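Colleague: I am new to this structure. Could you take me through how its parts pack together?

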Amino acid sequence: MKRAHQYVLFNCQIVQPFLSEHREMIRNQNPRLRIRDIERIHNETFASWFANQVQNMDFVNERRISDELRSLAQGPNFIGKRYEGFIINGFRFHVKEIEQRRKIQNSGVVVIAKMTSYSSANDRNPVIGDVTYYGVLKEIVELEYFFSRKVVLFKCDWVGQGRMQRQNENGFTLVNLSRPMNTCEPFILASQAQQVFYAKDPIDKGWHVVIKTTPRDCFDMDKREEIDYLLSETCTGDISDDNEEIRWVREGSSIC
């Protein structure tokens, strides 16, 4: 729950000014620290600092405290919800466990993330770039915050760039799903997820060819609407029938 909440905080636009303020505070208090260490402290301490900061601002009645900020600062309820399936961005996702009882595959996830790369432990000029991560959906978690605000996250086993990801001579991307990354950030927002399928490579054991998919019934939504609302359907039953009627609903407003 703590990791999931931290990911929500770090990916909400409304929290970005606080992230910058906290990072700058650490830098000013520790001018000799390497950027890598500043980021580590920032990641470890931001949630508690943010909660105190918003509480103090609320106490002196600063105008910029909104219900969204208050709910994020207070954190989610201790009890979250888990789902077996979820529809988002025109894709129908299932957790990997469901596929053991079915013939279809809907647990492949791909996300493009910003990554800070360091050439060494003393590197003071890290490079920021886009990195593609391929994953297998393990859990679908819904966090509920105060003021009836909800956020849905996907928890995945991830394969990043490196030995577990490569391209063959035909330009196809292959991933080895048998050895996922050991990461402290297994979550992404459901709204960030795109879908892929994995086809077993007939020659290299353990490797899978990545097949990108096109979202079904995907509408060209207004960007603000896409951010402000989570178009989704939560489900726990059998939704494998491709001809069934899909009812799209708004699960309240999302925070991020």
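Modeller: Please bear in mind that this is a predicted model. A good place to begin is the pair H2 (residues 16-29) and H3 (residues 35-59), whose axes come within 9 Å and cross at roughly 120°.

Colleague: What does that make H2 relative to H3?

Modeller: The crossing angle makes H2 oblique to H3. As for handedness, the crossing of H2 past H3 is right-handed.

Colleague: Which residues make the contact?

Modeller: On the H2 side the residues include Phe18, Leu19, Met25 and Ile26, and on the H3 side they include Ile38, Trp49, Phe50 and Met57. Sorted by class, the contact between H2 and H3 has eleven nonpolar, four polar and four charged residues.

Colleague: Turning to the interior, which residues of the largest nonpolar core touch the most other members?

Modeller: They are Val8, Phe18, Phe50, Leu153 and Phe154, in a core of 44 residues. Strand E5 (residues 127-145) gives the most to this core, contributing seven residues.

Colleague: What is Leu153 in contact with, leaving aside its neighbours within four places in sequence?

Modeller: The partners of Leu153 include Ala4, Tyr7, Val8, Ile140, Phe187 and Leu189. Another core, of nine residues, lies apart from the largest one, and among its members are Val136, Val159, Val175 and Val210.

Colleague: And the chain as a whole: how many helices and strands are there?

Modeller: The chain has five helices and 13 strands. Of its 256 residues, 39% are buried. Among contacts between residues at least 6 apart in sequence, 63% join residues at least 24 apart.

Methods: Residues numbered from 1 in each chain as written. Predicted model: local features only at pLDDT ≥ 70, side-chain atom pairs only at ≥ 80, totals over all residues. Heavy atoms only, no water. Core = buried A, V, L, I, M, F, W, Y, C linked by side-chain atoms within 4.5 Å. Buried < 20%, exposed > 50% of the residue type's maximum accessible area, 1.4 Å probe, protein only. Helix = DSSP H or I, 4+ residues; strand = E, 2+ residues; numbered from the N terminus. Contact = heavy atoms within 4.5 Å. Axes fitted to C-alpha atoms, helices over the stretch in contact; angles between N-to-C directions. Parallel < 35°, antiparallel > 145°, perpendicular 65-115°, else oblique. Left-handed = near helix turned anticlockwise from the far one by under 90°. Nonpolar A, V, L, I, M, F, W, Y, C, P; charged D, E, K, R; others polar.
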